[in-house]
Amino acid sequence: MRSVCFYFQVHQPFRLRTYRFFDMGVDSYYYDEFNNRTILRRIAEKSYLPTNKLMLKLIKKHGKDFNIAFSISGLAIEQFEKYAPEVIESFQALAKTGNVEFLAETYSHSLASLKSEEEFSRQVRKHSEKIEELFGQKPVTFRNTELIYSDAIGEMVAALGFKTMLTEGAKHVLGWKSPNYLYHHVSNPNLKLLLKNYRLSDDIAFRFSDQSWDGWPLTADNFVKWLNNLDTKEEVINLFMDYETFGEHQWAETGIFKFMETLPGKVLKGTNFTFNKPSDIAKKLKPVSAIQVPNPISWADAERDLTAWLGNEMQDEAFEKLYEVEQKMKGCDDKKLLGDWDKLQASDHFYYLCTKWFSDGDVHRYFNPYPSPYQAFINYMNVLSDFLNRVDEACGSSDNKSYSDKAREFAEASSKKVKKEAQKAKTKVQDKWDDVKDYSLDDLAKMSNAKVKELISKVNINELAHVMKDASDEVRNKVIPNMTKSVKAQYDKVEQNLKKVKKEDLKKFTLKIEKELKDLWKK
(Lines give C-alpha, C1' and ligand atoms only; values in the text may rest on other atoms or scores of the structure.)
Protein backbone atom coordinates (compact mmCIF):
# COMPACT_ATOMS: atom_id res chain seq x y z
CA MET A 1 0.00 0.00 0.00
CA ARG A 2 1.02 3.59 -0.66
CA SER A 3 0.90 6.28 2.02
CA VAL A 4 -0.67 9.67 2.63
CA CYS A 5 1.13 11.49 5.43
CA PHE A 6 -0.96 14.18 7.15
CA TYR A 7 1.21 16.49 9.26
CA PHE A 8 -0.16 19.57 11.07
CA GLN A 9 1.79 22.48 12.56
CA VAL A 10 0.39 24.03 15.76
CA HIS A 11 1.99 27.28 16.86
CA GLN A 12 1.02 30.55 18.48
CA PRO A 13 3.57 33.24 19.46
CA PHE A 14 3.36 35.46 22.50
CA ARG A 15 2.39 38.71 20.79
CA LEU A 16 4.03 41.85 22.17
CA ARG A 17 2.14 44.77 23.61
CA THR A 18 2.83 48.28 22.41
CA TYR A 19 6.12 48.96 24.15
CA ARG A 20 7.38 52.53 24.08
CA PHE A 21 10.74 54.09 24.81
CA PHE A 22 9.50 55.38 28.17
CA ASP A 23 8.52 51.84 29.27
CA MET A 24 12.19 50.79 29.26
CA GLY A 25 13.50 50.25 32.77
CA VAL A 26 10.02 50.86 34.21
CA ASP A 27 7.90 47.89 33.08
CA SER A 28 9.50 44.73 31.75
CA TYR A 29 6.33 42.79 30.98
CA TYR A 30 6.32 42.73 27.19
CA TYR A 31 3.24 40.74 26.20
CA ASP A 32 -0.24 41.70 25.10
CA GLU A 33 -2.17 39.61 27.60
CA PHE A 34 -5.62 40.51 26.28
CA ASN A 35 -4.74 39.92 22.63
CA ASN A 36 -2.95 36.63 23.32
CA ARG A 37 -5.83 35.28 25.39
CA THR A 38 -8.48 36.47 22.93
CA ILE A 39 -6.76 35.08 19.84
CA LEU A 40 -5.88 31.78 21.50
CA ARG A 41 -9.43 31.26 22.80
CA ARG A 42 -10.92 32.17 19.42
CA ILE A 43 -8.69 29.77 17.49
CA ALA A 44 -9.20 27.05 20.09
CA GLU A 45 -12.97 27.27 19.71
CA LYS A 46 -13.01 27.70 15.92
CA SER A 47 -10.18 25.35 15.01
CA TYR A 48 -8.26 23.27 17.54
CA LEU A 49 -11.13 21.83 19.57
CA PRO A 50 -13.56 21.00 16.73
CA THR A 51 -10.76 19.64 14.53
CA ASN A 52 -9.38 17.45 17.31
CA LYS A 53 -12.90 16.16 17.90
CA LEU A 54 -13.18 15.36 14.18
CA MET A 55 -9.77 13.66 14.09
CA LEU A 56 -10.71 11.48 17.06
CA LYS A 57 -13.93 10.53 15.29
CA LEU A 58 -12.03 9.61 12.11
CA ILE A 59 -9.52 7.50 14.04
CA LYS A 60 -12.31 5.59 15.75
CA LYS A 61 -14.05 5.08 12.41
CA HIS A 62 -11.05 4.01 10.29
CA GLY A 63 -8.82 2.44 12.94
CA LYS A 64 -5.27 1.53 11.95
CA ASP A 65 -5.72 2.94 8.41
CA PHE A 66 -5.96 6.56 9.58
CA ASN A 67 -2.92 8.06 11.31
CA ILE A 68 -1.75 11.68 11.59
CA ALA A 69 1.15 13.73 12.99
CA PHE A 70 1.47 17.02 14.88
CA SER A 71 4.16 19.36 16.00
CA ILE A 72 3.10 21.75 18.76
CA SER A 73 5.55 24.49 19.65
CA GLY A 74 6.53 25.05 23.26
CA LEU A 75 5.11 28.59 23.13
CA ALA A 76 1.74 27.25 21.93
CA ILE A 77 1.74 24.71 24.77
CA GLU A 78 2.47 27.47 27.31
CA GLN A 79 -0.55 29.41 26.05
CA PHE A 80 -2.78 26.33 26.07
CA GLU A 81 -1.79 25.72 29.67
CA LYS A 82 -2.56 29.34 30.52
CA TYR A 83 -5.67 30.11 28.47
CA ALA A 84 -7.18 26.85 27.14
CA PRO A 85 -6.13 23.69 29.05
CA GLU A 86 -8.96 21.76 27.39
CA VAL A 87 -6.98 21.93 24.12
CA ILE A 88 -4.14 19.97 25.72
CA GLU A 89 -6.66 17.46 27.04
CA SER A 90 -8.05 17.00 23.52
CA PHE A 91 -4.54 16.37 22.14
CA GLN A 92 -3.92 13.90 24.97
CA ALA A 93 -7.09 12.03 23.97
CA LEU A 94 -5.67 11.76 20.44
CA ALA A 95 -2.30 10.57 21.81
CA LYS A 96 -3.98 7.72 23.69
CA THR A 97 -5.32 6.24 20.43
CA GLY A 98 -1.82 5.30 19.24
CA ASN A 99 -2.69 6.73 15.80
CA VAL A 100 -1.00 10.09 16.38
CA GLU A 101 2.70 10.93 16.27
CA PHE A 102 4.02 14.04 18.00
CA LEU A 103 7.15 15.49 16.39
CA ALA A 104 10.03 17.41 17.90
CA GLU A 105 10.87 20.99 16.93
CA THR A 106 12.45 24.06 18.48
CA TYR A 107 10.67 25.00 21.69
CA SER A 108 10.33 28.65 20.63
CA HIS A 109 9.50 27.98 16.98
CA SER A 110 12.75 29.87 16.46
CA LEU A 111 15.42 30.42 13.84
CA ALA A 112 18.15 29.11 16.18
CA SER A 113 19.21 26.48 13.61
CA LEU A 114 20.50 29.35 11.45
CA LYS A 115 22.56 30.90 14.22
CA SER A 116 23.67 28.55 16.99
CA GLU A 117 23.87 24.76 17.14
CA GLU A 118 24.11 24.92 20.92
CA GLU A 119 20.96 27.03 21.35
CA PHE A 120 19.17 24.95 18.71
CA SER A 121 20.00 21.75 20.58
CA ARG A 122 18.89 23.24 23.92
CA GLN A 123 15.49 24.16 22.50
CA VAL A 124 14.98 20.79 20.79
CA ARG A 125 15.77 18.92 24.01
CA LYS A 126 13.48 21.19 26.03
CA HIS A 127 10.67 20.68 23.53
CA SER A 128 11.11 16.90 23.38
CA GLU A 129 10.95 16.69 27.17
CA LYS A 130 7.72 18.72 27.21
CA ILE A 131 6.10 16.53 24.53
CA GLU A 132 7.03 13.35 26.41
CA GLU A 133 5.73 14.81 29.68
CA LEU A 134 2.33 15.76 28.19
CA PHE A 135 1.69 13.02 25.62
CA GLY A 136 3.78 10.07 26.73
CA GLN A 137 5.82 9.98 23.52
CA LYS A 138 9.50 10.64 23.06
CA PRO A 139 9.69 12.25 19.59
CA VAL A 140 11.68 10.32 16.99
CA THR A 141 10.83 12.50 13.99
CA PHE A 142 11.91 16.12 13.65
CA ARG A 143 10.50 19.12 11.86
CA ASN A 144 12.30 22.43 12.01
CA THR A 145 10.57 25.79 12.31
CA GLU A 146 8.60 26.44 9.10
CA LEU A 147 10.21 23.29 7.59
CA ILE A 148 13.56 25.13 7.32
CA TYR A 149 16.22 22.68 6.14
CA SER A 150 19.71 22.55 4.69
CA ASP A 151 22.48 19.97 4.60
CA ALA A 152 24.08 21.64 7.64
CA ILE A 153 20.82 21.66 9.60
CA GLY A 154 20.27 18.01 8.69
CA GLU A 155 23.65 17.16 10.23
CA MET A 156 22.65 18.89 13.49
CA VAL A 157 19.33 17.03 13.56
CA ALA A 158 21.02 13.66 12.94
CA ALA A 159 23.52 14.43 15.72
CA LEU A 160 20.56 14.79 18.10
CA GLY A 161 19.55 11.21 17.32
CA PHE A 162 16.60 11.75 14.97
CA LYS A 163 16.17 9.29 12.11
CA THR A 164 13.47 11.14 10.14
CA MET A 165 12.93 14.79 9.26
CA LEU A 166 10.24 16.72 7.39
CA THR A 167 10.96 19.54 4.94
CA GLU A 168 9.65 21.31 1.86
CA GLY A 169 9.58 19.70 -1.58
CA ALA A 170 11.02 22.86 -3.11
CA LYS A 171 11.02 22.77 -6.89
CA HIS A 172 14.36 24.60 -7.20
CA VAL A 173 15.95 21.82 -5.10
CA LEU A 174 14.17 18.80 -6.59
CA GLY A 175 14.37 19.84 -10.22
CA TRP A 176 12.84 16.96 -12.20
CA LYS A 177 12.49 14.75 -9.13
CA SER A 178 9.15 14.15 -7.42
CA PRO A 179 8.48 14.92 -3.72
CA ASN A 180 6.40 11.72 -3.58
CA TYR A 181 9.25 9.45 -2.49
CA LEU A 182 11.40 8.98 0.59
CA TYR A 183 14.87 10.62 0.34
CA HIS A 184 17.87 10.88 2.67
CA HIS A 185 20.46 13.44 3.77
CA VAL A 186 23.22 14.08 1.27
CA SER A 187 26.01 12.67 3.46
CA ASN A 188 24.13 10.77 6.17
CA PRO A 189 21.83 8.08 4.73
CA ASN A 190 20.50 7.36 8.22
CA LEU A 191 18.53 10.63 8.22
CA LYS A 192 15.40 10.01 6.12
CA LEU A 193 13.63 12.98 4.55
CA LEU A 194 9.91 13.35 3.84
CA LEU A 195 9.19 16.21 1.43
CA LYS A 196 5.98 18.22 1.33
CA ASN A 197 3.87 17.96 -1.81
CA TYR A 198 3.23 21.68 -1.88
CA ARG A 199 0.67 21.63 -4.69
CA LEU A 200 -1.73 19.18 -3.05
CA SER A 201 -1.05 20.58 0.44
CA ASP A 202 -1.74 24.15 -0.64
CA ASP A 203 -4.88 23.09 -2.53
CA ILE A 204 -6.32 22.36 0.92
CA ALA A 205 -4.52 24.96 3.05
CA PHE A 206 -4.72 28.03 0.79
CA ARG A 207 -6.91 27.46 -2.26
CA PHE A 208 -9.80 25.52 -0.73
CA SER A 209 -12.19 28.49 -0.57
CA ASP A 210 -10.77 30.46 -3.53
CA GLN A 211 -13.66 30.64 -5.99
CA SER A 212 -11.38 32.00 -8.74
CA TRP A 213 -9.27 28.81 -8.57
CA ASP A 214 -9.97 26.38 -11.40
CA GLY A 215 -10.08 23.51 -8.89
CA TRP A 216 -12.89 25.07 -6.87
CA PRO A 217 -14.96 23.65 -5.28
CA LEU A 218 -12.56 21.05 -3.93
CA THR A 219 -14.38 17.85 -3.00
CA ALA A 220 -13.09 14.59 -1.54
CA ASP A 221 -14.06 12.85 -4.82
CA ASN A 222 -11.93 15.28 -6.84
CA PHE A 223 -9.00 14.85 -4.47
CA VAL A 224 -9.25 11.08 -4.88
CA LYS A 225 -9.14 11.52 -8.67
CA TRP A 226 -5.94 13.57 -8.34
CA LEU A 227 -4.37 10.85 -6.20
CA ASN A 228 -5.32 8.19 -8.73
CA ASN A 229 -3.82 10.26 -11.55
CA LEU A 230 -0.38 10.21 -9.92
CA ASP A 231 2.34 7.90 -11.19
CA THR A 232 1.68 4.51 -9.60
CA LYS A 233 5.36 4.24 -8.68
CA GLU A 234 5.13 7.26 -6.37
CA GLU A 235 5.04 5.97 -2.81
CA VAL A 236 4.04 8.72 -0.41
CA ILE A 237 2.02 11.95 -0.60
CA ASN A 238 3.03 14.35 2.16
CA LEU A 239 0.26 16.79 3.03
CA PHE A 240 1.83 19.28 5.44
CA MET A 241 -0.07 22.37 6.63
CA ASP A 242 -0.98 24.66 9.53
CA TYR A 243 -3.61 23.09 11.78
CA GLU A 244 -5.40 26.46 11.75
CA THR A 245 -6.34 25.61 8.14
CA PHE A 246 -9.42 24.01 9.67
CA GLY A 247 -11.81 26.62 10.99
CA GLU A 248 -9.47 29.64 11.14
CA HIS A 249 -7.82 30.13 7.73
CA GLN A 250 -10.64 28.22 6.06
CA TRP A 251 -13.82 28.96 7.99
CA ALA A 252 -16.35 26.25 8.78
CA GLU A 253 -18.73 27.91 6.29
CA THR A 254 -16.38 27.00 3.42
CA GLY A 255 -17.09 23.30 3.98
CA ILE A 256 -13.53 22.49 5.12
CA PHE A 257 -14.72 20.28 8.01
CA LYS A 258 -17.08 18.34 5.78
CA PHE A 259 -14.25 17.85 3.28
CA MET A 260 -11.92 16.52 5.97
CA GLU A 261 -14.63 14.29 7.42
CA THR A 262 -15.28 12.56 4.08
CA LEU A 263 -11.74 12.52 2.65
CA PRO A 264 -10.23 9.53 4.56
CA GLY A 265 -13.14 7.22 3.73
CA LYS A 266 -13.07 8.21 0.07
CA VAL A 267 -9.30 7.71 -0.13
CA LEU A 268 -9.35 4.36 1.64
CA LYS A 269 -12.21 3.10 -0.52
CA GLY A 270 -11.20 4.56 -3.89
CA THR A 271 -7.38 4.31 -3.91
CA ASN A 272 -4.56 2.06 -2.73
CA PHE A 273 -3.42 4.70 -0.18
CA THR A 274 -3.59 4.50 3.62
CA PHE A 275 -2.80 7.28 6.10
CA ASN A 276 0.47 6.70 7.97
CA LYS A 277 2.71 8.40 10.50
CA PRO A 278 6.08 9.83 9.39
CA SER A 279 8.17 7.42 11.49
CA ASP A 280 6.26 4.41 10.14
CA ILE A 281 6.71 5.55 6.55
CA ALA A 282 10.44 6.03 7.09
CA LYS A 283 10.72 2.49 8.46
CA LYS A 284 8.68 0.92 5.68
CA LEU A 285 10.16 2.66 2.61
CA LYS A 286 13.67 2.74 1.22
CA PRO A 287 15.06 6.14 0.17
CA VAL A 288 15.32 6.50 -3.60
CA SER A 289 18.27 8.93 -3.44
CA ALA A 290 19.96 11.72 -1.51
CA ILE A 291 18.80 15.33 -1.66
CA GLN A 292 21.45 18.05 -1.70
CA VAL A 293 20.38 21.35 -0.10
CA PRO A 294 23.41 23.63 0.35
CA ASN A 295 21.24 26.71 1.05
CA PRO A 296 18.34 26.70 3.50
CA ILE A 297 14.81 26.14 2.20
CA SER A 298 11.44 26.53 3.94
CA TRP A 299 7.75 26.16 3.18
CA ALA A 300 7.14 29.93 3.26
CA ASP A 301 6.13 32.16 0.37
CA ALA A 302 6.65 31.65 -3.34
CA GLU A 303 10.44 31.56 -3.00
CA ARG A 304 10.53 28.71 -0.45
CA ASP A 305 13.56 30.33 1.19
CA LEU A 306 14.35 32.43 4.30
CA THR A 307 13.29 35.85 3.02
CA ALA A 308 10.08 35.78 5.05
CA TRP A 309 12.22 36.19 8.21
CA LEU A 310 15.70 37.35 7.22
CA GLY A 311 17.19 39.46 4.48
CA ASN A 312 16.19 43.08 4.93
CA GLU A 313 18.20 45.36 7.22
CA MET A 314 15.58 45.47 9.97
CA GLN A 315 15.28 41.69 10.18
CA ASP A 316 19.04 41.16 10.15
CA GLU A 317 19.64 43.89 12.72
CA ALA A 318 17.04 42.49 15.13
CA PHE A 319 18.24 38.90 14.63
CA GLU A 320 21.90 39.69 15.25
CA LYS A 321 21.12 41.90 18.23
CA LEU A 322 18.99 39.22 19.89
CA TYR A 323 21.69 36.56 19.71
CA GLU A 324 24.39 38.86 21.11
CA VAL A 325 23.33 37.70 24.57
CA GLU A 326 23.34 33.98 23.86
CA GLN A 327 26.55 33.36 25.80
CA LYS A 328 25.27 35.30 28.80
CA MET A 329 21.97 33.39 28.76
CA LYS A 330 23.83 30.07 29.13
CA GLY A 331 24.77 30.99 32.68
CA CYS A 332 21.49 32.66 33.52
CA ASP A 333 19.24 31.16 36.21
CA ASP A 334 16.62 33.94 36.25
CA LYS A 335 13.37 32.17 35.25
CA LYS A 336 11.71 35.35 33.98
CA LEU A 337 14.70 36.23 31.78
CA LEU A 338 14.86 32.66 30.48
CA GLY A 339 11.15 32.78 29.66
CA ASP A 340 11.57 36.08 27.79
CA TRP A 341 14.59 34.64 25.97
CA ASP A 342 12.41 31.82 24.67
CA LYS A 343 9.51 34.07 23.71
CA LEU A 344 11.60 36.72 21.94
CA GLN A 345 13.23 34.08 19.73
CA ALA A 346 9.92 33.17 18.04
CA SER A 347 10.33 33.45 14.27
CA ASP A 348 7.07 35.43 14.10
CA HIS A 349 8.79 38.59 15.37
CA PHE A 350 11.09 38.56 12.33
CA TYR A 351 8.21 37.63 10.00
CA TYR A 352 6.44 40.83 11.07
CA LEU A 353 9.44 42.83 9.78
CA CYS A 354 9.15 41.47 6.25
CA THR A 355 8.78 44.06 3.47
CA LYS A 356 7.93 41.71 0.59
CA TRP A 357 5.08 43.80 -0.76
CA PHE A 358 4.62 42.20 -4.16
CA SER A 359 5.27 38.44 -4.08
CA ASP A 360 3.45 37.52 -0.85
CA GLY A 361 2.31 40.83 0.60
CA ASP A 362 -1.29 39.82 1.29
CA VAL A 363 -0.19 36.74 3.23
CA HIS A 364 2.23 38.76 5.37
CA ARG A 365 -0.38 41.43 6.09
CA TYR A 366 -2.89 38.76 7.16
CA PHE A 367 -0.55 37.38 9.82
CA ASN A 368 0.90 40.72 10.95
CA PRO A 369 -0.67 42.42 13.99
CA TYR A 370 1.22 45.65 13.24
CA PRO A 371 0.14 48.37 10.78
CA SER A 372 3.55 48.15 9.09
CA PRO A 373 6.86 46.28 9.41
CA TYR A 374 8.49 49.55 10.46
CA GLN A 375 6.26 49.88 13.51
CA ALA A 376 6.88 46.21 14.25
CA PHE A 377 10.62 46.89 14.17
CA ILE A 378 10.44 49.87 16.52
CA ASN A 379 8.30 47.93 18.98
CA TYR A 380 10.48 44.81 18.91
CA MET A 381 13.68 46.81 19.28
CA ASN A 382 12.26 48.73 22.24
CA VAL A 383 11.45 45.42 23.91
CA LEU A 384 14.82 43.99 22.94
CA SER A 385 16.62 47.04 24.32
CA ASP A 386 15.00 46.56 27.71
CA PHE A 387 15.62 42.82 27.65
CA LEU A 388 19.32 43.18 26.74
CA ASN A 389 19.86 45.67 29.52
CA ARG A 390 18.13 43.37 32.03
CA VAL A 391 20.46 40.57 30.92
CA ASP A 392 23.46 42.89 31.35
CA GLU A 393 22.32 43.86 34.83
CA ALA A 394 21.64 40.28 35.90
CA CYS A 395 24.83 38.85 34.42
CA GLY A 396 27.15 41.78 35.02
CA SER A 397 27.97 44.02 32.08
CA SER A 398 31.42 45.35 31.29
CA ASP A 399 29.79 48.46 29.82
CA ASN A 400 29.98 51.40 32.25
CA LYS A 401 27.30 53.44 30.49
CA SER A 402 24.12 54.06 32.43
CA TYR A 403 20.98 52.11 31.66
CA SER A 404 19.20 55.18 30.28
CA ASP A 405 22.14 56.16 28.06
CA LYS A 406 22.35 52.70 26.52
CA ALA A 407 18.59 52.51 26.02
CA ARG A 408 18.51 55.98 24.41
CA GLU A 409 21.35 55.16 22.02
CA PHE A 410 19.75 51.85 21.09
CA ALA A 411 16.33 53.43 20.47
CA GLU A 412 17.81 56.27 18.41
CA ALA A 413 19.79 53.82 16.27
CA SER A 414 16.65 51.75 15.73
CA SER A 415 14.68 54.83 14.69
CA LYS A 416 17.34 55.80 12.14
CA LYS A 417 17.35 52.25 10.80
CA VAL A 418 13.57 52.39 10.33
CA LYS A 419 13.72 55.68 8.41
CA LYS A 420 16.46 54.33 6.16
CA GLU A 421 14.61 51.06 5.51
CA ALA A 422 11.32 52.88 4.91
CA GLN A 423 12.91 55.10 2.27
CA LYS A 424 14.54 52.11 0.57
CA ALA A 425 11.28 50.20 0.57
CA LYS A 426 9.39 53.23 -0.73
CA THR A 427 11.85 53.54 -3.62
CA LYS A 428 11.66 49.80 -4.32
CA VAL A 429 7.88 49.81 -4.27
CA GLN A 430 7.75 52.88 -6.53
CA ASP A 431 10.10 51.21 -9.00
CA LYS A 432 7.94 48.10 -9.12
CA TRP A 433 4.79 50.22 -9.35
CA ASP A 434 6.26 52.12 -12.27
CA ASP A 435 6.87 48.79 -13.98
CA VAL A 436 3.32 47.52 -13.58
CA LYS A 437 1.27 50.76 -13.66
CA ASP A 438 -0.82 51.37 -16.76
CA TYR A 439 -0.10 54.95 -17.80
CA SER A 440 -2.74 56.97 -19.62
CA LEU A 441 -2.82 60.34 -21.35
CA ASP A 442 -4.29 61.84 -18.20
CA ASP A 443 -0.89 61.30 -16.53
CA LEU A 444 0.54 63.93 -18.87
CA ALA A 445 -1.15 66.59 -16.77
CA LYS A 446 0.90 65.46 -13.76
CA MET A 447 4.29 65.56 -15.49
CA SER A 448 6.78 68.40 -15.25
CA ASN A 449 6.97 70.86 -18.14
CA ALA A 450 10.48 69.64 -18.92
CA LYS A 451 9.31 66.05 -19.34
CA VAL A 452 6.31 67.11 -21.43
CA LYS A 453 8.65 68.99 -23.75
CA GLU A 454 10.87 65.94 -24.01
CA LEU A 455 7.84 63.79 -24.80
CA ILE A 456 6.76 66.17 -27.58
CA SER A 457 10.22 65.95 -29.13
CA LYS A 458 10.00 62.14 -29.24
CA VAL A 459 6.54 61.61 -30.77
CA ASN A 460 5.13 62.03 -34.27
CA ILE A 461 3.27 65.38 -34.44
CA ASN A 462 0.65 64.00 -36.80
CA GLU A 463 -0.10 61.18 -34.37
CA LEU A 464 -0.05 63.59 -31.41
CA ALA A 465 -2.60 65.87 -33.09
CA HIS A 466 -5.01 62.97 -33.60
CA VAL A 467 -4.64 61.89 -29.98
CA MET A 468 -5.00 65.46 -28.61
CA LYS A 469 -8.29 65.89 -30.48
CA ASP A 470 -10.12 63.72 -27.92
CA ALA A 471 -7.90 64.53 -24.93
CA SER A 472 -9.19 66.40 -21.87
CA ASP A 473 -8.77 70.15 -21.58
CA GLU A 474 -6.35 69.56 -18.70
CA VAL A 475 -4.06 67.46 -20.92
CA ARG A 476 -4.32 69.85 -23.90
CA ASN A 477 -3.52 72.81 -21.66
CA LYS A 478 -0.43 70.97 -20.43
CA VAL A 479 0.86 69.82 -23.83
CA ILE A 480 0.18 72.65 -26.27
CA PRO A 481 1.82 75.48 -24.25
CA ASN A 482 4.99 73.38 -24.00
CA MET A 483 5.44 73.16 -27.78
CA THR A 484 8.21 75.18 -29.43
CA LYS A 485 7.12 77.73 -32.04
CA SER A 486 8.10 75.54 -34.96
CA VAL A 487 6.37 72.46 -33.47
CA LYS A 488 3.27 74.55 -32.65
CA ALA A 489 3.10 75.79 -36.25
CA GLN A 490 3.42 72.23 -37.55
CA TYR A 491 0.81 71.05 -35.02
CA ASP A 492 -1.68 73.80 -36.02
CA LYS A 493 -1.30 72.93 -39.67
CA VAL A 494 -1.93 69.24 -39.02
CA GLU A 495 -4.87 70.05 -36.74
CA GLN A 496 -6.54 72.25 -39.41
CA ASN A 497 -6.35 69.49 -42.00
CA LEU A 498 -6.97 66.61 -39.62
CA LYS A 499 -8.50 63.64 -41.36
CA LYS A 500 -10.52 60.94 -39.68
CA VAL A 501 -8.53 57.79 -38.91
CA LYS A 502 -9.60 54.25 -38.09
CA LYS A 503 -10.18 53.40 -34.44
CA GLU A 504 -7.39 50.82 -34.45
CA ASP A 505 -4.94 53.42 -35.83
CA LEU A 506 -5.97 55.93 -33.18
CA LYS A 507 -5.42 53.26 -30.54
CA LYS A 508 -1.92 52.56 -31.91
CA PHE A 509 -1.09 56.30 -31.81
CA THR A 510 -2.31 56.50 -28.20
CA LEU A 511 -0.36 53.43 -27.09
CA LYS A 512 2.85 54.76 -28.66
CA ILE A 513 2.52 58.05 -26.80
CA GLU A 514 1.65 56.30 -23.53
CA LYS A 515 4.76 54.10 -23.91
CA GLU A 516 6.94 57.19 -24.27
CA LEU A 517 5.14 58.68 -21.27
CA LYS A 518 5.92 55.59 -19.15
CA ASP A 519 9.61 55.59 -20.15
CA LEU A 520 9.93 59.28 -19.27
CA TRP A 521 8.06 58.84 -15.97
CA LYS A 522 10.57 56.23 -14.81
CA LYS A 523 13.59 58.46 -15.47
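A residue counts as buried when its relative accessible area is under 20%. The exercises below concern a predicted model, whose protein chain averages a pLDDT of 90.

**Exercise 1.** Determine what the span of helix α9 should be and set it against the distance between its end C-alpha atoms.

*Solution.* Helix α9 covers residues 256-270, which are 15 residues. The expected span is 1.5 Å times one less than the number of residues, so α9 should span 21 Å. The end C-alpha atoms of α9 are 20 Å apart, which agrees. The helix nevertheless has a bend of about 30° at L263, and the proline P264 follows within four residues.

**Exercise 2.** Identify the buried residues of α9 and the elements against which they pack.

*Solution.* Under the cut-off given above, I256, F257, F259, M260, L263, P264 and V267 are buried. Their packing partners are the strands β1 (2-10) and β9 (273-275), together with the helices α1 (33-62), α7 (198-205) and α8 (220-228).

**Exercise 3.** Describe the pairing of β1 with β8 and the burial of β8.

*Solution.* The two strands run parallel and are joined by 7 bridges. One of the bridge partnerships links S3 to V236 of β8. Strand β8 spans residues 236-242, and 7 of its 7 residues are buried.

**Exercise 4.** Establish whether C332 is buried or exposed, and how many disulfides the structure holds.

*Solution.* The relative accessibility of C332 is 12%, so C332 counts as buried. The structure holds 0 disulfides. For C332, the nearest cysteine sulfur belongs to C395 and lies 5.0 Å away, whereas a disulfide requires sulfur atoms within 2.5 Å.

Note on methods: Residues are numbered from 1 along each chain as its sequence is written. This is a predicted model: local features need pLDDT of at least 70, side-chain atom pairs count only at pLDDT 80 or more; totals for chains, interfaces and linings use all residues. Side-chain values use heavy atoms; hydrogens and water are left out. The bend at a residue is the angle between axes fitted to the seven residues ending there and the seven starting there. Buried means under 20% relative accessible area, exposed over 50%, partly exposed in between (1.4 Å probe, protein chains only). Contact means heavy atoms within 4.5 Å. Two strands pair if DSSP finds at least two bridges between them. pLDDT is the predictor's confidence in each residue, from 0 to 100.
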